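Here is a short tour of one structure, with charged side chains as its main theme. Please keep the sequence and the 3D view open as you read.

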Amino acid sequence: MTTIFYAQFVKDKRKPLLIILFIVLSVLATIIFGGTSQQNKLTVDIFATGPNAEEIEQNWEELLNEDSNTKFIIADEDEAREQVKEGKRDVAILLMENDYRLITSSDMPEILLVEQHVHKVFTEEAKIQAVADGVNTSDLRNEIKDYLEKPPITVQTENLSGETLTSHDMGFQLLFGFTLFIAMFTIGVKVNRINEDKVNGVWNRLLLSPVSKTNLYVGHLVYSFLISFFQMVVVFLIFQYIMDYDIGNFPMILTIAAVYTLSAVSLAMLIAGITRTPEKFNMIYPSLSSILPIISGVYMPPGMMDNPVFNSIANVFPLSHGVDAMMDVALFDAGWSDITLPIAIMLLIGVLYMGIGINLGERRR
């Protein structure tokens, strides 16, 4: 075992560029896409038509931008419609005195959020105008705001432990998602060396030596596990201590990463056992790995991936379980008992895939 392990280490020691590249990619992908998801604010063009267009735009712009995560800006009608037509904007809004129309050419999830906010603003304004009964609504609106600052009843939401609810952070989700996802490629490259040795005849020559078949598998798989786990540890250390990300209980994060690595190595071993040759492995494994984050909903906020078929498929792979467990630790201070289930599922996946993969590889020989 140690001989095989050392041989794999020497190969990477001579050419460490691949591991360094994957570490850099993990950090860069999180910075680029995670920063974009946190900093980008949806912009929506609004416009009105008719003789009172300017007055209508000014009145509704102020109301729509109040307490909103979306930025509403006044734009020319032709320009706004052209932006939507060309796909540069997801939606534009045609304003009327007491109504509105959405101008859109797609079915993006953000459009529903915009429509909900606009509908809420118009509904509240209609109620105020009904109560005002022709009187200036600005004074009534100010009275309502002053009243709501000191309401007779306040409602406070807390989690089960009595603490303030924590909002979902896509930056953390992408940090864990990209780190685990890119580690799969490192694992694939290392596990595929088993197929390379078998095809090249190195495997059979080693079996004639004092090295047993068990030691051959253990040497390759343990090295694949350790080098991939090392890659993830380096990425987490960079974010925790250099980029000042608070990713939660660090020992728990590392435990989840270790179990995930074991499960991902088993998945790669299963694909290696099915394909038998390094060329087929390089065709199937990268393609499968690339669609797993999409199926698992890693790139999307919770609730957006609600397809039961995709959810069922994602459950038989370790990526979704690993990201969910890490998110629970980072955002909700989950304890060991809270992450027991995803860890147990990943261990079960690891045991099953490893056993099936090795047996398939041996039987096909």
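Let us begin at Arg 81, which is partly exposed with a relative accessible area of 34% (buried means under 20%, exposed over 50% and partly exposed in between, with a 1.4 Å probe and protein chains only). This is a predicted model, in which local features need pLDDT of at least 70 and side-chain atom pairs count only at pLDDT 80 or more, while totals for chains, interfaces and linings use all residues. Residues are numbered from 1 along each chain as its sequence is written, and side-chain values use heavy atoms, with hydrogens and water left out.

**Salt bridges**

The whole structure holds 8 salt bridges, each being a side-chain nitrogen of Lys or Arg within 4 Å of a carboxyl oxygen of Asp or Glu. Three of the pairs are set out here.

| Pair | Closest N and O atoms |
|---|---|
| Arg 81 and Glu 77 | 3.2 Å |
| Lys 88 and Glu 86 | 3.3 Å |
| Arg 89 and Asp 45 | 3.6 Å |

Arg 81 and Glu 77 are about one helical turn from each other, because they sit 4 residues apart in helix H4 (helices, H or I, are DSSP runs of at least four residues and strands, E, of at least two, numbered from the N terminus). Glu 77 is partly exposed, at 27% relative accessibility.

In the second pair, Lys 88 is exposed at 57%, and Glu 86 is partly exposed at 46%.

What does the salt bridge between Arg 89 and Asp 45 tie together? Arg 89 lies in the loop between H4 and strand E3 (91-95), and Asp 45 belongs to strand E1 (residues 43-48), so the pair joins parts that are 44 residues apart in sequence. Asp 45 is buried, at 4% relative accessibility, whereas Arg 89 is partly exposed at 23%.

Elsewhere, a network of salt bridges links Asp 12, Lys 190 and Arg 193.

**Helix H4 and a negative patch**

Helix H4 spans residues 77-85 and includes Glu 79, which is partly exposed at 45% relative accessibility. Glu 79 also belongs to a surface patch of negative charge, together with Asp 76, Asp 78 and Glu 82.

**Annotated spans**

An unreviewed UniProt entry lists several spans as "transmembrane region", among them residues 221-243 and 283-300; such annotations may be inferred rather than shown by experiment. In the model, residues 221-243 are 96% helix and 0% strand, with end C-alpha atoms 32 Å apart. Residues 283-300 are 78% helix and 0% strand, and their end C-alpha atoms lie 26 Å apart.

Conventions:
Patch = residues over 30% accessible without salt bridge, like charges linked within 9 Å, V, L, I, M, F, W, Y side chains within 5 Å. Areas by Shrake-Rupley, 256 points an atom, 1.4 Å probe, with all protein chains shown as cover. Lys, Arg positive; Asp, Glu negative; His and termini not counted. Charge placed at Lys NZ, Arg CZ, Asp CG, Glu CD.
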